[in-house]
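Please open the structure in the viewer and keep the selection tool at hand. The tour proceeds stop by stop, each with something to select and a note on what is there.

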Amino acid sequence: MSRQVYLNGQLVPQEQAMVSVFDHGLLYGDGVFEGIRVYYDKVFLLDEHIDRLYESARAIRLEIPISPEEMTAAVADTVKANGIENGYVRLVITRGAGALGLDIRKTSNPQVIIIADTITLYPQEIYDNGLPLITASTIRNHPAALSPRIKSLNYLNNIMAKVEATDGGTIEALMLNHKGEVAECTGDNIFIIKKGVLMTPPNDAGILEGVTRYAVMRLAEEAGMEVREVAMTKHDIYVADECFLTGTAAEVIAVISLDGRQIGSGKPGPITQKLLGLFRELTKQGSFD
Ligand code: PMP
């Protein structure tokens with residue numbers, strides 16, 4: 001079925017949704033993006049995603065030509081035009097077409113693209129049995145290079161780590177930071193549970209601050225759990241009672257081993273399952289308020 005894609009203020013059939021081959025998004029990965037879920041006709045945690053998009057853009061000195069309010073309305077229009085009740089929205093902002101060189105002053109017309117589509121979910125088997133994880137040799141971007149806090153179109157580092165995962169027969173890989181600490185996975189944040197305390201690496205471990213990460217931390221706190229953002233090493237994962245990943249596509253997925261070493265009972269743990277349940281309840285609401 002032909003989708004209607006939002007492109008610079010207009011909904012156009014997907015075949016007509018095109019950008020220039022001189023766009024710096026294509027030439028240099030110069031741009032930012034967001035991935036958002038639609039559940040039960042509602043765009044999930046849209047404000048949080050819009051905030052992150054504008055912060056990512058600001059960090060790379062890209063001025064998005066429309067306001068956050070206009071972007072919010074455009075997302076709603078695109079979802080509606082495609083009749084998406086449960087699906088996925090991809091927002092892409094590129095630097096726009098320019099000269100064959102890095103100078104952003106020679107670019108013009110940032111492209112604003114919104115795609116609303118269905119989503120292929122992870123197989124139920126992964127939720128039932130959990131995920132084996134491997135550690136990638138590719139480390140997460142050094143925070144003093146391209147900050148991992150920016151959701152930029154430059155994902156090659158994470159793509160190379162994901163290749164290591166698929167070569168290793170699984171779908172996600174743990175990425176360490178330049179200090180050898182646990183950062184996150186290629187497209188998901190990581191959590192452990194130890195003696196009832198929920199722990200996840202802090203911002204300065206070099207992570208993308210996941211919207212799902214935020215939601216799960218908030219749900220855990222509201223459920224009376226202690227939540228800590230702490231630097232951790234692989235040792236902490238090996239000795240954890242439970243481990244799980246969070247992400248827009250993944251939601252909450254249990255991790256049962258790391259590099260062949262069993263974590264906890266080797267099955268999705270009770271707290272992980274409880275948090276997945278709370279998260280799925282939140283998806284029915286659409287937001288915290
Ligand atoms: N880390 C990285 C590197 C990501 O690309 C993503 C998004 N897929 C996440 C974490 C999870 O973020 P969110 O919960 O906002 O999807």
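Strands are DSSP runs of E of at least two residues, numbered from the N terminus. The model shown is predicted.

**First stop: the ligand.** Select the ligand, which sits in the largest pocket. Next, display the 16 residues around the ligand; among them, Y155, E184, V211, T212 and T248 come nearest.

**Second stop: polar atoms at the ligand.** Select T248 and show the side chain: one of its N or O atoms is 2.5 Å from an oxygen atom of the ligand. Proceed to R52, where a polar side-chain atom lies 2.9 Å from an oxygen atom of the ligand. Then select G187; here a polar backbone atom is 3.0 Å from a nitrogen atom of the ligand. How much of the ligand does the protein bury? Taken alone, the ligand exposes 390 Å², and the protein buries 92% of that.

**Third stop: E251.** Select residues 251-258, which form strand 14, and find E251 within that strand. Is E251 buried or exposed? Its relative accessible area is 4%, and buried means under 20%, so E251 counts as buried.

**Fourth stop: the surroundings of E251.** Add R280 to the selection and display both side chains: a polar contact of 2.7 Å joins those of E251 and R280. Leaving aside residues up to four places away in sequence, E251 also touches R37, Y39, Y127, T212, L245, T246, L276 and F279. The tour may end at T212, a residue that E251 touches and that is also among the residues that come nearest to the ligand.

Conventions:
Residues are numbered from 1 along each chain as its sequence is written. This is a predicted model: local features need pLDDT of at least 70, side-chain atom pairs count only at pLDDT 80 or more; totals for chains, interfaces and linings use all residues. Side-chain values use heavy atoms; hydrogens and water are left out. Helices (H or I, at least four residues) and strands (E, at least two) are DSSP runs, numbered from the N terminus. Buried means under 20% relative accessible area, exposed over 50%, partly exposed in between (1.4 Å probe, protein chains only). A polar contact is a pair of N or O atoms within 3.5 Å; within protein, one must be able to donate a hydrogen and the other to accept it, and residues adjacent in sequence count only if both atoms are side-chain atoms. Contact means heavy atoms within 4.5 Å. A residue is near a molecule or strand if one of its heavy atoms lies within 4 Å of it. Accessible areas come from the Shrake-Rupley method with a 1.4 Å probe; for residues, only the protein chains shown count as cover. On a 1 Å grid over the protein atoms alone, a cavity is a set of points where a 1.4 Å probe fits but cannot get out, and a pocket is an open set with protein on both sides within 12 Å along at least five of seven lines; lining residues have an atom within 4 Å of a point. A molecule sits in a cavity or pocket if more than half of its atoms lie within 2 Å of its grid points.
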